[in-house]
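Here is a small set of exercises to work through with the coordinates open beside you. Try each task before you read its solution.

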Amino acid sequence: MAYNKGDKDGARRKPMRRRKKVCVFCADKEHEVIDYKDANKLKRYVSERGKILPRRITGNCAKHQRALTVAVKRARHVAIMPYTTD
């Protein structure tokens with residue numbers, strides 16, 4: 001365990017709990033459709049290096065994360081989105 005200056009006699013701090021992220025697609029029924037042609041929506045779920053962001057970062061549920069992954073891969077195949085950035 002690393003030493004922190006603020007710790008007194010090696011006392012451990014209670015880990016901070018983060019709020020659970022809510023799936024945007026489940027919360028808002030209007031945006032539930034994930035379309036591969038909507039590049040602006042898909043760019044929010046891709047890193048600046050072109051990688052698809054994981055669920056723990058985006059907060060999507062498993063169902064919508066799978067659909068999002070398929071849409072991003074489909075958009076890449078049709079050349080709407082790039083595979084990588086230079």
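Two residues are in contact when they have heavy atoms within 4.5 Å. With that in hand, note that the model is predicted.

**Exercise 1. Describe the overall fold of the protein chain and the reach of its contacts.**

Solution.
1. Begin with secondary structure: the protein chain has 4 helices and 0 strands. Along the sequence, this reads as α-α-α-α.
2. Turn to the contacts with a separation of 6 or more. Of these, 54% join residues 24 or more positions apart.
3. Now look at burial. The protein chain has 86 residues, and 24% of them are buried.
4. Finish with the surface. The accessible area of the protein chain is about 7500 Å², and carbon and sulfur atoms hold 52% of it.

**Exercise 2. Is Gln65 buried or exposed, and which side chains does Gln65 meet through polar contacts?**

Solution.
1. Locate the residue: Gln65 sits in helix H4, which spans residues 62–77.
2. Apply the cut-off. Buried means under 20% relative accessible area, and Gln65 has 10%, so Gln65 is buried.
3. Search for polar partners. The side chain of Gln65 makes a polar contact with the side chain of Asn60 at 3.2 Å. Another polar contact, at 3.4 Å, links the side chains of Thr58 and Gln65.
4. List the wider surroundings. Leaving out residues up to four places away in sequence, Gln65 touches Ile52, Leu53, Pro54, Arg55, Thr58 and Asn60.
5. Check the partner as well. Thr58 belongs to helix H3, residues 55–58, and is buried because its relative accessibility is 15%. With the same sequence neighbours left out, up to four places away, Thr58 touches Lys21, Tyr45, Leu53 and Gln65.

**Exercise 3. Which residues line the largest pocket, and how do they divide by character?**

Solution.
1. A word on the idea: rolling a probe the size of a water molecule over the atoms reveals where empty space is left.
2. Take the volume: the largest pocket holds about 150 Å³ of space.
3. Read off the lining, which consists of Lys20, Lys21, Cys23, Arg55, Arg56, Gly59, Asn60 and Cys61.
4. Sort the lining residues by type: 4 are charged, 2 are polar and 2 are nonpolar.
5. Connect this with the previous exercise. Asn60, one of the lining residues, is also a polar partner of the Gln65 side chain.

**Exercise 4. How far apart in space are Phe25 and Lys63, and Ile80 and Lys37?**

Solution.
1. Start with Phe25, in helix H1 (residues 24–27). Phe25 is buried, because its relative accessibility is 1%.
2. Compute the C-alpha distance: Phe25 and Lys63 are separated by 9.8 Å, with their positions 38 residues apart along the chain.
3. Move on to Ile80, in the segment after H4. Its relative accessible area is 36%, so Ile80 counts as partly exposed.
4. Repeat the C-alpha calculation: Ile80 and Lys37 are 7.2 Å apart, at a sequence distance of 43 residues.
5. Add the contacts of Ile80. Beyond its neighbours within four places in sequence, Ile80 is in contact with Tyr36, Lys37, Ala39 and Ala75.

**Exercise 5. What is notable about the phi angle of Ala79, and is Ala79 buried or exposed?**

Solution.
1. Place the residue: Ala79 lies in the segment after H4.
2. Inspect the backbone. Although Ala79 is not a glycine, its phi is positive, at about 70°.
3. Check accessibility: the value for Ala79 is 64%, so Ala79 is exposed.

Technical notes. Residues numbered from 1 in each chain as written. Predicted model: local features only at pLDDT ≥ 70, side-chain atom pairs only at ≥ 80, totals over all residues. Heavy atoms only, no water. 1 Å grid on protein atoms, 1.4 Å probe; cavity = no way out; pocket = protein on both sides within 12 Å on 5 of 7 lines; lining within 4 Å. Points joined across faces, edges and corners; volume = space filled by probe spheres on them. Nonpolar A, V, L, I, M, F, W, Y, C, P; charged D, E, K, R; others polar. Helix = DSSP H or I, 4+ residues; strand = E, 2+ residues; numbered from the N terminus. Buried < 20%, exposed > 50% of the residue type's maximum accessible area, 1.4 Å probe, protein only. Polar contact = N/O pair within 3.5 Å; in protein donor to acceptor, adjacent residues only side chain to side chain. Areas by Shrake-Rupley, 256 points an atom, 1.4 Å probe, with all protein chains shown as cover.
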